[in-house]
Amino acid sequence: MVPFAAVRILLDYRPALRDRTGVGEYVHELARALAAPTASAATDEIAVFTASWKDRPSPQLATDLPGVSVIDRRFPVRGLTWTWNRLQWPPVEWIAGAADVVHAQSPLLIPSSRAAQVITIHDLHFLSHPDRTEAEMRRDFPALVRTHAHRADHIVVPSHYAAAEVVRVLNVTRDRVTVCSPGAPGWASAVATDRAVSGGGGGGGGSILFVGTLDARKNIGGLLRAYTRLRVCRRDAPPLLLAGRVADAGRAEVARLKSKPLGSDIKVLGYVSNDERRDLYRTARMLVLPSFDEGFGLPVLEAMACGVPVVVSNRGSLPEVAGAAAIPVDPEDVEGIADEMERLLDQDAATAAVSQGLAQAARYTWAGSACSAREAYRAAIAVHAARRS
């Protein structure tokens, strides 16, 4: 087989510059996987770029991403984002140098004078519920996504659910969309081993865990009501830990916690680092993600890979990601969410869920993600060349 020619791949690393939440973790691990030596792509050049006036990438980043070039530029990020989104200027080559393909981690194009342009559409919730979004996602995404999706040389999505939504809502053809799901984290197997040795979930203690941004889309209100109902039936239920940044749309629910009888049993931890998240998974009895919509749901994959049972809603990609490891529940069915949490407090049910979750998580690898991404890049380069000819 004739190997592909080397490709210069430029990834937008800005979502990972501060807190590595879902999108930030995705681009960080994808860059690492793309740079890992493989027989078919050993000569590809991988670079990540950042642009911020005050935030700098970690000095450890070059070590964390071996084989990846880190390009850091001091620009006012809000101004750059606005001109990129609205004016498609300046070309990324002025900032980060030449590339064959530039991969945006949002649904809006990064302008380029020569590189093929790939966008990532993690979900389309900002179209159906713009009231649940903030900042650029609220200001620019709904107005521009359709135009940018049709101008993009290729589109990357994290799940088959997201692919179907992009085709249906944005009216693009399926051959222009590649599913590039995230992989299970490399540290998860050690957590799963620790849990197996200790009996999992803190030996009957532990916690019920939520990981993600605390906002309306994640159904925080429904989760709190379900937990309150659970404690009526099971006074010995573990505490509920909410790990994640509190979004503007979630502040009202979080503020109301202080006035509720169970306030002391519900803890808002704020954003947690990778190390802190691992510790939370080590002792969790279960993870609950009852979202109204998800393009993927990375905490569900992390939890399954760590040997933690999961409760998910029946919306978006969550049934696809959890597979046989969960019985999806209607996110508006508070009683159903509470019942599923109570079911997983039973040791036999939890053990079965752990086994199925580990098998399901094994299907998602970063090596597979890199392979899918490369397919998307080659397709984008071909389309770009045809458009320029």
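Mentor: Before we start, a helix here is a DSSP run of H or I with at least four residues, numbered from the N terminus. And keep in mind that we're looking at a predicted model.

Trainee: Got it. Which helices each supply at least two residues of the lining of the largest cavity?

Mentor: Start with the lining: Glu25, Glu29, Gly183, Ala184, Pro185, Leu298, Glu302 and Trp366. Glu25 and Glu29 fall in the 22-35 stretch of H1. Leu298 and Glu302 fall in 298-305, the run of H13. The helices you're after are H1 and H13.

Trainee: And what volume does the largest cavity have?

Mentor: The structure holds one cavity of 30 Å³ or more. That largest cavity has a volume of about 30 Å³.

Trainee: On to the sheets. Which strands stand at the edges of the seven-stranded one?

Mentor: Read the order, E3-E2-E1-E4-E5-E6-E7, in an open sheet with parallel pairing. A strand at the edge has a single partner, so one side is left without a neighbour in the sheet. From one strand to the next, the twist averages 25°. The edge strands are E3 (68-73) and E7 (177-179).

Trainee: Which residue in E5 stands opposite His103?

Mentor: E4 (residues 101-103) and E5 (residues 116-120) run parallel, joined by three bridges. Opposite His103, in E5, stands Val118.

Trainee: At what angle to E5 does H17 run?

Mentor: H17 covers residues 366-388 and lies across E1, E2, E4, E5, E6 and E7. Its angle to E5 is about 135°.

Trainee: Now the five-stranded sheet. Which are its edge strands?

Mentor: That sheet is open too, with parallel pairing in the order E10-E9-E8-E11-E12. Each edge strand pairs on one side only. Neighbouring strands are turned by 20° against each other on average, direction ignored. The edge strands are E10 (266-270) and E12 (310-312).

Trainee: Which residue in E12 stands opposite Leu289?

Mentor: E11 (residues 284-289) pairs with E12 in the parallel sense over three bridges. Opposite Leu289 in E12 is Val312.

Trainee: Which helix packs on the sheet, touching E8, E9, E10 and E11?

Mentor: Its direction makes about 110° with that of E11. The helix is H12.

Trainee: Last one: how wide an arc do the buried residues of H12 cover?

Mentor: In H12 (residues 274-283), Asn274, Arg277, Leu280 and Tyr281 are buried. An α-helix has 3.6 residues a turn, so residues three or four places apart point the same way. The buried residues are on the same side of H12 because they cover an arc of only 115°.

Key:
Residues are numbered from 1 along each chain as its sequence is written. This is a predicted model: local features need pLDDT of at least 70, side-chain atom pairs count only at pLDDT 80 or more; totals for chains, interfaces and linings use all residues. Side-chain values use heavy atoms; hydrogens and water are left out. Two strands pair if DSSP finds at least two bridges between them. Axes are lines fitted to C-alpha atoms, for helices over the stretch in contact, and angles run from 0 to 180 degrees between N-to-C directions. Contact means heavy atoms within 4.5 Å. Buried means under 20% relative accessible area, exposed over 50%, partly exposed in between (1.4 Å probe, protein chains only). The arc is that of the directions from the helix axis to the C-beta atoms. On a 1 Å grid over the protein atoms alone, a cavity is a set of points where a 1.4 Å probe fits but cannot get out, and a pocket is an open set with protein on both sides within 12 Å along at least five of seven lines; lining residues have an atom within 4 Å of a point. Grid points are joined across faces, edges and corners, and a volume is the space filled by probe spheres set on the points.
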